[in-house]
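Student: Could you take me through one part of this protein up close? I'd like to see how a single piece sits among its neighbours.

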Amino acid sequence: MAEEIVSIEPATGKELWRRQTGDVAEAVAKARAAFPKWGSESHTRRIELVRRFANQVRKQAEPFAELIARETGKPLWEARTEVEAVIGKVEISVRAYQERTGAKKLDSALQGSAALRHKPHGVMAVLGPYNFPAHLPNGHIVPALIAGNTVIFKPSEKTPAVGDFLVKCFHAAKIPDGVIQCLVGGPAEGKSLVEHPEVDGVLFTGSARAGIAINRRLADNPGKILALEMGGNNPLVVLDTPKVEDAAALVIQSAFTTAGQRCTAARRLIVVDSIFDTLIPAVKALAERLIVGDPFADPQPFMGPVIDNDTADLLMESFVALMSRGGVPLLPMRRPDDALPFLTPSLLDATEMAERPDIELFGPLLQVVRVPDFDTAIAEANATRYGLSASLVGGTPKDYDRFWAEIRAGIINWNRPTNGASSAAPFGGIGLSGNHRPAAYYAADYCAYPVASTSVDQPRASMGVGLAEMEAEDAKLWLKTPPKVTARQPPS
Ligand code: UN1
């Protein structure tokens, strides 16, 4: 019997939405059946349709933002920025398709013409996260559709209502039902979608643990395209700066936006000794002033709850576990109501901790490390298996040059937050953060495969070398009906 997925509003604990889990085999058959027609539509037509989708989203921007705020708990002001990002993704993806995967004629030493063009893979499965339940999957869906793939989108089981709304906007734009589908489900549906032999590609955004499991599942299937956008244990390094308040604001934005539920959130604040005693009190003072509250509260909060009670439990336990390993609480994590997942921003000094666990703690928990100098700061920042984002705050242009050169990450900023990465740039990381298939501007690359062709209007060939002499009798026959080819030297 099919199970039900029930979505709970984190801020109230009330049920928001429920639906039976979808049928994977049925969805794949439908996507497969829709592929030949969609894949052979002209690019112009597909682009026209995704632009119509952007218009549909624009028309329903406010109810969409409200649903995102309700289902994720993020403040309404932030949910509105997510809807804007969904709309903005369309033009960025149109441009990216043309610039990265368009068609071009190649200069060729061969006779005839040579061309580079791209083809869609076929049926793509998109597995979405809950922190940006519309924008991040949309960043795979739109490029996949433009390239000519059909798509089955399985939203996170924590944010299925937003997934369903998003897909309805594609259908309202008259993109056929089989071309983009929303498959409601949990890990079991995700697993069978990934493994289904008729699924040609898997585009995943989520935790490293889940991404590694998918990678393992596809080990015998190297032909399936797999894009993994995973997490980070992102460092923010602070050097001397006269602008301490600004530095503190950058720390807060990096660590606590979306209640710390960004893959690019700063998890580790690495501060040189000379500014530590000035910066940390400023960060602490600002963190204490952050309003944590209901997504619809007026005035608006800075951050809402984390996604659910299990996540809140895990984060509270992690804070205590870090303390038991020698972490010193600078600002303890609090949970004002045990029945709801609201958490206050927290800071913990991890300098004296014996072994700092290199894991992604997906919430408002920032670990601080005090270092004597820039050398140690860089070594500390690189002491991770992840490599998504990193920022340097303060210092000189020369310091940033060095930081950029020595830090191992896919996003390296100066005097800017670790998060809020531009959709117009490639978005991905190294190590446990991804598998070298960055999304956003580079999503076009994994949504189509290149095909190189050379062509001439008639068959024209002859053997220039390596033929045995003909027997005399054969030669006579040959002379009666001479072939219409002229001997040519092979090209040098
Ligand atoms: C973030 O930096 O918090 O379009 C996420 C994209 C990126 C996502 C950024 N702009 O995929």
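Tutor: Sure, let's zoom in on strand β14, residues 365-371. Keep in mind that this is a predicted model. Six of the seven residues in β14 are buried, so the rest of the structure largely encloses this strand. Buried here means under 20% relative accessible area.

Now for the strands beside it. One partner is β11, residues 266-272, which pairs with β14 in the parallel sense over five bridges. To find your place along that pairing, look for Ile 270, which stands opposite Val 369 of β14. Another partner is β13, residues 346-349, and this pairing is parallel too, with four bridges. Here you can use Leu 348 as a marker, since its bridge partner in β14 is Gln 367. Put together, β14 pairs in the parallel sense with β11 and with β13.

For a second kind of neighbour relation, try a pair of helices. Two packed helices are described by the angle between their axes and the distance between those axes. The axes of α4 (residues 76-101) and α5 (residues 135-147) come within 9 Å and cross at roughly 30 degrees. Angles under 35 degrees count as roughly parallel, and therefore α4 and α5 are described that way. Their crossing is right-handed. On the α4 side, the residues that meet α5 include Val 86, Val 90 and Tyr 97, while those on the α5 side include Val 142, Pro 143 and Ile 146. The residues of this contact divide into nine nonpolar, four polar and two charged.

Definitions and conventions
Residues are numbered from 1 along each chain as its sequence is written. This is a predicted model: local features need pLDDT of at least 70, side-chain atom pairs count only at pLDDT 80 or more; totals for chains, interfaces and linings use all residues. Side-chain values use heavy atoms; hydrogens and water are left out. Axes are lines fitted to C-alpha atoms, for helices over the stretch in contact, and angles run from 0 to 180 degrees between N-to-C directions. Helices (H or I, at least four residues) and strands (E, at least two) are DSSP runs, numbered from the N terminus. Angles under 35 degrees count as roughly parallel, over 145 as roughly antiparallel, 65 to 115 as roughly perpendicular and the rest as oblique. A crossing is left-handed if the near helix is turned anticlockwise from the far one by less than a right angle, and right-handed if clockwise. Contact means heavy atoms within 4.5 Å. Ala, Val, Leu, Ile, Met, Phe, Trp, Tyr, Cys and Pro count as nonpolar, Asp, Glu, Lys and Arg as charged, and the others, Gly among them, as polar. Buried means under 20% relative accessible area, exposed over 50%, partly exposed in between (1.4 Å probe, protein chains only). Two strands pair if DSSP finds at least two bridges between them.
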